[in-house]
There are 2 protein chains.
Amino acid sequence: MRVSKEKAAENRERILKAAARLIRERGISGAGVDALTEAAGMTHGSLYSQFGSKERLAEEALGHALVASGKTTAGAATLDQYISGYLSPEHRDQVGQGCPVAALACEIPRQSTGVRETFTAGLRGMLRQLTGRMGAGLKQRQREEKALATLASLVGALVLARAVNDSELSDAILRATKKRLDT
Amino acid sequence: MRVSKEKAAENRERILKAAARLIRERGISGAGVDALTEAAGMTHGSLYSQFGSKERLAEEALGHALVASGKTTAGAATLDQYISGYLSPEHRDQVGQGCPVAALACEIPRQSTGVRETFTAGLRGMLRQLTGRMGAGLKQRQREEKALATLASLVGALVLARAVNDSELSDAILRATKKRLDT
DNA sequence: ATTATCTATAGATCTATAGATAATGC
DNA sequence: ATTATCTATAGATCTATAGATAATGC
């Protein structure tokens, strides 16, 4: 049956929000059309009238997740706060609401051009936030360079801390990386 | 039909070698039983007589890839050589023969216990190699700590360099991380 | 007799489409 | 009349198993 324009827009948002979480938890290829729509309380058919394909939903859902994640990190007043939050055990343990870059990076090379572009734009957004928090004594070039290296450290540490099967090692990865970034 | 013991062992090795490459290129969940056995010139049925399940093959193939990768990096005489090789464009562009940790880390949290244990053991192996190449002036604790932070940097940089859709940005990630690790 | 491999197939799941339905919005 | 959603289903692909085959290795 048909629903009102507002209701349809609301449904669209609900699928997007659920998808933004599910793709981080299960991966883009691991989150099926059924699971994505069911999590929003709808049947899989509605995905195709709203987004046309799973690929396009994935692209929008990734964008949604990147924006949400960016709003969270924007709250960090200093570089130290940014780093501490990113490398916290809480962030590690909440994949579905955490940084989409860390959650999805490994499978991005196999995704559509649209998804890869959205991902790259999101990564540039993170770099901008980091660059803006780098020491004022540095030139712009140096701040950008530091931001690149810092982002790689952050993402690598989070990804590894989530992957290992030993909580002590996982904590040690986060701690050592934080310490290294403090210098 | 039946084959000789030696031939069977050889077939097993061939599947493992092909799988070690395929899981890095397509991900563990992305590499299907058909593709895995076909790449070794066999039908999918043989996988089940050799390994019992895809999960067990994945575990052994990951181990295989970790050993092969460890042999390559063992050739690096110094920390600087290790880092330069890891962050080289060649390594970035050869996922199927590169570091399995960087290729698979994001999906490891969703894998079986066996796969996660193999992954963690492989990561410890990398840490041992790195620790052994850390400055002699440091205490063992400090060397281990530096190795943890260095590994996170290396893996994060490679994963991001592969994911972004812009070759200049990709190169910049590798360069900035190398520079940061040189200090 | 044992067993590595192949063939055929089961049963689940995946993405996608066609057509029906029913309420909206002109 | 338009259209968001649902239902049913197509067609592909996934992991796994059963049974046949045929050569090994006792």
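1. Let's begin with the order of elements in chain A. Read along the sequence, the pattern is α-α-α-α-α-α-α-α-α-α. Counted up, chain A has 10 helices and zero strands. Please keep in mind that this is a predicted model.

2. Now for the overall dimensions of chain A. Along the principal axes, the C-alpha atoms of chain A fill a box of roughly 60 × 40 × 30 Å. Chain A has 183 residues, and 51% of them count as buried. Look also at contacts in chain A between residues at least 6 apart in sequence: 64% of these join residues at least 24 apart.

3. How do two helices in chain A pack? Two packed helices are described by the angle between their axes and the distance between the axes. In chain A, take helix α5 (residues 79-86) and helix α9 (residues 140-163): their axes come within 10 Å and cross at roughly 20°. An angle under 35 degrees counts as roughly parallel, and α5(A) and α9(A) are therefore roughly parallel to each other.

4. Which residues make that contact in chain A? From α5(A) come A:Tyr82, A:Ile83 and A:Tyr86, and they meet A:Thr150, A:Leu154, A:Val155 and A:Leu158 of α9(A). Sorted by character, the residues of this contact are six nonpolar, one polar and no charged.

5. You can look for the corresponding helices in chain B. Helix α5 (residues 79-86) of chain B packs with helix α9 (residues 140-163) of chain B at an angle of about 20°, and their axes are 10 Å apart. That angle makes α5(B) roughly parallel to α9(B). On the α5(B) side you will find B:Tyr82, B:Ile83 and B:Tyr86, which meet B:Thr150, B:Leu154, B:Val155 and B:Leu158 in α9(B). The contact of α5(B) with α9(B) is made of six nonpolar residues, one polar and no charged.

6. Stay in chain B for a moment and find B:His91. This residue lies in helix α6 (residues 89-93) of chain B. Is B:His91 buried or exposed? Buried means under 20% relative accessible area, so B:His91, at 13% relative accessibility, counts as buried. Leaving out residues up to four places away in sequence, B:His91 touches B:Gly85, B:Tyr86, B:Gly98, B:Cys99, B:Leu158 and B:Arg162. Two of these names may look familiar: B:Tyr86 of α5(B) and B:Leu158 of α9(B) also belong to the helix contact described above.

7. Next, the DNA. There are 22 residues around DNA strand C, and those that come nearest are A:Arg2, A:Val33, A:His44, B:Arg2 and B:Asn11. Of the atoms of DNA strand C that come within 4 Å of the protein, 63% belong to sugar and phosphate.

8. What kinds of residue form the surface near DNA strand C? They divide into eight nonpolar, 10 polar and four charged. In chain B, α1 (5-26) and α3 (45-50) each supply at least two residues of this surface. The largest share, three residues, comes from α3(B).

9. Finally, zoom in on some phosphate oxygens of DNA strand C. One lies 3.1 Å from a polar backbone atom of A:Lys5. For A:Tyr48, a polar side-chain atom is 3.0 Å from a phosphate oxygen of the strand. In chain B, the side chain of B:Thr43 has an N or O atom 2.8 Å from a phosphate oxygen of DNA strand C.

Methods: Residues numbered from 1 in each chain as written. Chains lettered and ligands numbered in written order. Predicted model: local features only at pLDDT ≥ 70, side-chain atom pairs only at ≥ 80, totals over all residues. Heavy atoms only, no water. Axes fitted to C-alpha atoms, helices over the stretch in contact; angles between N-to-C directions. Helix = DSSP H or I, 4+ residues; strand = E, 2+ residues; numbered from the N terminus. Parallel < 35°, antiparallel > 145°, perpendicular 65-115°, else oblique. Contact = heavy atoms within 4.5 Å. Nonpolar A, V, L, I, M, F, W, Y, C, P; charged D, E, K, R; others polar. Near = heavy atom within 4 Å. Polar contact = N/O pair within 3.5 Å; in protein donor to acceptor, adjacent residues only side chain to side chain. Buried < 20%, exposed > 50% of the residue type's maximum accessible area, 1.4 Å probe, protein only.
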